[in-house]
Amino acid sequence: MREEVYELLKGLNQRIMEYEGTDMLEDEIIESMEIMDIVVALEEHFRMEIPPQLIVPEYFMTKDTIVRLAEDALKEQ
């Protein structure tokens with residue numbers, strides 16, 4: 001799953017893949033509208049629905065927290 005999420009993210013914003021910090025929102029690597037693009041891409045690729053309660057900043061801090069979001073959303077299906 002990790003590699004699939006990484007490929008999706010690379011297609012959306014290469015800077016996400018290059019980022020090595022701890023908070024992409026604070027460091028302005030992604031913006032709020034990109035969060036929705038990421039959510040839609042994950043939902044479409046994995047054929048799932050991400051519940052609104054999971055769409056929180058903590059899941060968008062690094063590429064690995066986005067992977068965790070996908071994993072947690074799949075567990076809730």
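**Exercise 1.** In this predicted model, determine which residues of H4 are buried and what covers them.

*Solution.* Step 1: the buried residues of H4 are Lys63, Thr65, Ile66, Val67, Leu69, Ala70, Asp72 and Ala73. Step 2: place them on the element, a helix that runs over residues 63-75 and has 13 residues. From its first C-alpha to its last, H4 reaches 19 Å, close to the expected 18 Å. Step 3: the cover over the buried residues of H4 includes helix H1 (2-12), helix H2 (14-18) and helix H3 (32-46).

**Exercise 2.** Establish where the buried residues of H1 lie around its axis.

*Solution.* Step 1: Val5, Tyr6 and Leu9 are the buried residues of H1. Step 2: these residues lie on the same side of H1 because they cover an arc of only 100° around the axis. Step 3: Glu3 and Gly11, on the other side of H1, are exposed. Step 4: H2, H3 and H4 are among what covers the buried residues of H1.

**Exercise 3.** Identify the residues that touch the most other members of the largest nonpolar core, and list the contacts of leucine 42.

*Solution.* Step 1: this core has 24 residues, and those touching the most other members are Val5, Ile30, Ile38, Leu42, Ile50, Phe60 and Ile66. Step 2: H1, H2, H3 and H4 are the elements that give two or more residues to the core. Step 3: leaving aside residues up to four places away in sequence, leucine 42 touches Val5, Leu8, Arg47, Met48, Ile50, Ile66, Leu69 and Ala70.

**Exercise 4.** Locate lysine 63 relative to the ring of tyrosine 6.

*Solution.* Lysine 63 lies over the face of tyrosine 6, at 5.9 Å from the ring centre; this is within the 6 Å cut-off.

Methods: Residues numbered from 1 in each chain as written. Predicted model: local features only at pLDDT ≥ 70, side-chain atom pairs only at ≥ 80, totals over all residues. Heavy atoms only, no water. Lys NZ or Arg CZ within 6 Å of the ring centre and 35° of its normal. Helix = DSSP H or I, 4+ residues; strand = E, 2+ residues; numbered from the N terminus. Expected span 1.5 Å × (residues − 1). Buried < 20%, exposed > 50% of the residue type's maximum accessible area, 1.4 Å probe, protein only. Contact = heavy atoms within 4.5 Å. Core = buried A, V, L, I, M, F, W, Y, C linked by side-chain atoms within 4.5 Å. Arc of directions from axis to C-beta.
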